[in-house]
Amino acid sequence: MPEAIAFATYGDPEVLQPTGIDIPEPDPDQVRIAVRAAGVNPLDWKIRSGAMVTAMPVTLPHIPGLEFAGTVESVGDGVSDLSAGDEVFGRAPGAYASLLLADTAQLRRRPDDLDVRRAAGLPVAAEAAHRALTELEVAAGETVLVHGAGGAVGNLAVQCALERGARVVGTAGERARERLTRLGATQVTYGNGWPEQVRAAAPGGVAAVLDASGADVLGESVRLAGGPARVLTLADPQAAQTFGVRFSSGGAGEDRTGEALDRVLALHRRGTLDVPLHEPIPLAEAARAHRAGEAGGLDGKLVLTVE
């Protein structure tokens, strides 16, 4: 029987328990995927803990997970561009499972030379980064400040902004300096004095600011950008209201997964895609992955592997 990890009550990571699931049948525009790896995101443990029960209630029991890589097992009647055996990656709910259904618009073929675990960790962060840069209208020749450049979203935002021809200054921990420098960005260390470091790194000013950190940076960011018009946060909706900047949640009508996957595939073809991974964790140990994520301080993306 196919298996998944689910929680029947909100709570700490130990509420995540294995459960059997039925074999799902795809709708006409869907495919059934045998999952090989699933990404773990902060939203997963926020939902599990009950912190999002008002903003994002779920039906219990709930199978977490939003992104995956795997093998097409069955296709719907209306699907003509994929067939059983194709390797894909993309976005779909309930990814902590051995089988799931996914809409074809949210999928792309996984190249043989793109590791399945890295592919599984791409869709959510890539969509958020691409959406934010698109809403900010980041263009070639501009200087962009990315807060949280060492994290999964910030890492891809840096790469996608550079791919657009922008210059990037990224706030991140000191251990991210080598990687950001290698990518072509300028690293600024978090802490007291970071605005002065940004001004020194970008004496001509910054045209736009993307906050993927939620680290109380919006007030200074507005000053650095000369106003709130081109400052956007993915992580701090309350501060966004306070400082009059945009908050992008990726809600209904905002999703850009297909475009984002095309962007990261273009980076991969050029050989510049960089996706740091934390040590992969088996699906059955999803609680351990959540504990690690909540503790913070990871050097790479959390991914669950499905045997």
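**Exercise 1. Classify E163 by its accessibility, and describe the salt bridge that E163 forms with R270.**

Solution. Begin with exposure: at 27% relative accessibility, E163 counts as partly exposed, given that buried means under 20% relative accessible area, exposed over 50%, and partly exposed in between (1.4 Å probe, protein chains only). The model is a predicted one, in which local features need pLDDT of at least 70 and side-chain atom pairs count only at pLDDT 80 or more, while totals for chains, interfaces and linings use all residues. Residues are numbered from 1 along each chain as its sequence is written, and side-chain values use heavy atoms, with hydrogens and water left out.

Next, take the contact itself: the side chains of E163 and R270 meet in a salt bridge at 3.5 Å, N to O, where the term stands for a side-chain nitrogen of Lys or Arg within 4 Å of a carboxyl oxygen of Asp or Glu. Finally, place the partners: E163 lies in helix α4 and R270 in helix α9, so the pair ties together parts that are 107 residues apart in sequence. Helices (H or I, at least four residues) and strands (E, at least two) are DSSP runs, numbered from the N terminus.

**Exercise 2. Determine where E142 and R230 lie, and whether each is buried or partly exposed.**

Solution. The two side chains, E142 and R230, meet in a salt bridge of 2.7 Å, N to O. E142 sits in the loop between α3 and β8, whereas R230 sits in the loop between α7 and β12 (231-233), so that the pair links distant parts of the chain, 88 residues apart. As to exposure, E142 counts as buried at 19% relative accessibility, while R230, at 22%, counts as partly exposed. The structure holds 24 salt bridges, and R91, E127, R131 and D255 are linked in a network of them.

**Exercise 3. Describe the surroundings of K301.**

Solution. K301 is found in the loop between α10 (286-295) and β15 (303-305), and K301 is buried, with a relative accessible area of 6%. The side chain of K301 makes a polar contact of 2.6 Å with the side chain of N41; such a contact is a pair of N or O atoms within 3.5 Å, of which, within protein, one must be able to donate a hydrogen and the other to accept it, and residues adjacent in sequence count only if both atoms are side-chain atoms. Not counting residues up to four places away in sequence, K301 touches residues including E67, G121, A152 and H278, with contact meaning heavy atoms within 4.5 Å.

**Exercise 4. Which residues of helix α6 are buried, and what covers them?**

Solution. In α6 (residues 194-201), the buried residues are W194, P195, V198 and A201. They cover an arc of only 125° around the axis, which puts them on the same side of α6, the arc being that of the directions from the helix axis to the C-beta atoms. Their cover includes β8 (143-147), β9 (167-172), β10 (186-189) and α7 (218-225).

**Exercise 5. Characterise the aromatic pair of F7 and Y10.**

Solution. The structure holds one aromatic pair. F7 and Y10 form it, tilted, with 5.9 Å centre to centre and 45° between the planes; rings of Phe, Tyr and Trp (its six-membered ring) pair if their centres lie within 6.5 Å, and planes under 30 degrees apart count as stacked, over 60 as edge-to-face and the rest as tilted. F7 is buried at 0% relative accessible area, whereas Y10 is partly exposed at 28%.
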